[in-house]
Amino acid sequence: MSFVEYGDTIKDGDTAIVFLGHESMFPVKVQHGSVTQTKYGVIRHSTDLIGKKYGSKVTCSKGGWVFILHPTPELWTMNLPHRTQILYSTDISIITMMLELKPGSIVCESGTGSGSLSHALIRTVAPTGHLYTVEFHQQRAEKAREEFREHGVEHLVTVTNQDVCKNGFGVSNIADAVFLDIPSPWEAIGHAKSALKAEEVPIKHVLLGLGKWFKKFVRINGASYQLSGKKINRSTFPCKVRQFCVHNSVFLGLKI
């Protein structure tokens, strides 16, 4: 099972989605000998799941039934354990478009958080691209590595536990795009520029997620650039800027 390659058959160790209805679903790790309780009764992994086709209708012990779905980044976003606030599929689709990502792209992200955006980025750049994601919080970084391994995408992502504002992404001159969703994204602009490919690449994309609030000043390379309300004085900003909002969150799209 992999989040980027569809598999027909449910196997021991897979992460599957138990679908009771549009408002009720949850992930389960399939394990031989395990059982999962639902409001319709028990699902026995060994007899009810392993070896069955994804999409199968499974009858529970009380006579009710559920569907077992193959995981996708969108389903994971709806069901993942929240370690932080997350981006949802509508936001993610716009971010992916703004960064102009495609299979083979190299992208840097910070912070990893709960991994909602990370899974979608990995699926977009697969099978030959790579995601370099930086998470400040050690436990969140370790959990993200564990999930990527369980989801069969560890070869497409590198998780680093460090402060991106101080230490950067740990890579130089390789990224096609950078996404920053951290408390002070402007403090990492220098590292973002270092991570991006060399000057022969005509357009370099950096997105700054500024959350549901907007700082009065952006500081880049020691210089301050004043923000007026939710608008930027583009004539004094050191790179081309495109501003957009998703669900009351403000993002800056920078072309460096």
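The secondary structure of this chain comes to seven helices and 16 strands. What I am showing is a predicted model. Of the 256 residues in the chain, 49% are buried. Looking at contacts with a separation of 6 or more, residues 24 or more positions apart account for 54% of them.

I will begin with the nonpolar cores. The largest one has 26 residues, and Leu117, Ile122 and Phe148 have the most contacts inside it. Helix H3 (89-99), H4, H5, E9 and strand E10 (177-180) each supply at least two residues of this core. Which element gives the largest share? That is H4, with five residues. A second core, separate from this one, has 16 residues, with Val164, Ala188, Ala195 and Leu196 included. Back in the largest core, take Leu117. Setting aside neighbours within four places in sequence, Leu117 is in contact with Leu87, Ile92, Ile95, Glu109 and Phe179.

Two of those partners, Ile92 and Ile95, bring us to H3. The buried residues of H3 are Asp91, Ile92, Ile95, Thr96, Met98 and Leu99. Seen down the axis of H3, these buried residues fall within an arc of 165 degrees, so they line one face of the helix. The general background is that an α-helix has 3.6 residues a turn, so residues three or four places apart point the same way. Just after H3 comes Glu100, with a positive phi of about 55 degrees, although Glu100 is not a glycine. Glu100 sits in the loop between H3 and E7.

Another partner of Leu117 is Glu109, in strand E7. Strand E7, residues 106-110, is mostly covered: five of its five residues are buried. Which residues point which way? Ile106, Cys108 and Ser110 point one way from E7, Val107 and Glu109 point the other way, and all are buried. In general, side chains in a regular strand alternate between the two faces of the sheet. E7 and E8 run parallel and are joined by five bridges. Opposite Glu109, in E8, stands Thr133.

The end of E7 leads to a backbone feature. The peptide bond from Ser110 to Gly111 is cis, with omega near -5 degrees. Gly111 lies in the loop between E7 and H4. There is also a cis bond from Ala126 to Pro127, with omega near 5 degrees, and Pro127 has its place in the loop between H4 and E8. As general background, most residues other than glycine have a negative phi, and most peptide bonds are trans. Besides Glu100, I would point out Asn173, where phi is near 55 degrees, a positive value in a residue other than glycine. Asn173 is found in the loop between helix H6 (164-167) and E10.

Now helix H5. At 1.5 Å a residue, the 13 residues of H5, residues 138-150, should span 18 Å; the end C-alpha atoms are 19 Å apart, which agrees. Which residues of H5 are buried? They are Ala141, Ala144, Glu147 and Phe148. Viewed down the axis of H5, they fall within an arc of 125 degrees, so they line one face of the helix. They pack against helix H2 (73-79), helix H4 (116-125), strand E8 (130-135) and strand E9 (157-161). The face turned away from this buried side carries Gln139 and Arg149, which are exposed.

Just after H5, Gly152 takes a positive phi of about 75 degrees. Val153 lies in the loop between H5 and E9. Is Val153 buried or exposed? Val153 is buried, with a relative accessible area of 1%. Its contacts, leaving aside neighbours within four places in sequence, are Ser2, Phe3, Val4, Ile122 and Phe148. Ile122 and Phe148 were named earlier among the residues with the most contacts inside the largest core. The C-alpha atoms of Val153 and Ala126 are separated by 9.1 Å, and these two residues are 27 residues apart along the chain. Ala126 is also the residue that begins the cis bond to Pro127.

Last, the open sheet. Four strands make it up, in the order E2-E1-E6-E5, with antiparallel pairing. Strand E2 (24-29) and strand E5 (57-59) stand at the edges with a single partner strand each, so one side of each is left without a neighbour in the sheet. The twist from one strand to the next averages 35 degrees. E5 is joined to strand E6, residues 65-69, by three bridges, and the two run antiparallel. Thr59 has Trp65 as its bridge partner in E6.

Methods
Residues are numbered from 1 along each chain as its sequence is written. This is a predicted model: local features need pLDDT of at least 70, side-chain atom pairs count only at pLDDT 80 or more; totals for chains, interfaces and linings use all residues. Side-chain values use heavy atoms; hydrogens and water are left out. The expected span of a helix is 1.5 Å times one less than its number of residues. Buried means under 20% relative accessible area, exposed over 50%, partly exposed in between (1.4 Å probe, protein chains only). The arc is that of the directions from the helix axis to the C-beta atoms. Contact means heavy atoms within 4.5 Å. Two strands pair if DSSP finds at least two bridges between them. Axes are lines fitted to C-alpha atoms, for helices over the stretch in contact, and angles run from 0 to 180 degrees between N-to-C directions. A nonpolar core is a set of buried Ala, Val, Leu, Ile, Met, Phe, Trp, Tyr and Cys residues joined through side-chain atoms within 4.5 Å.
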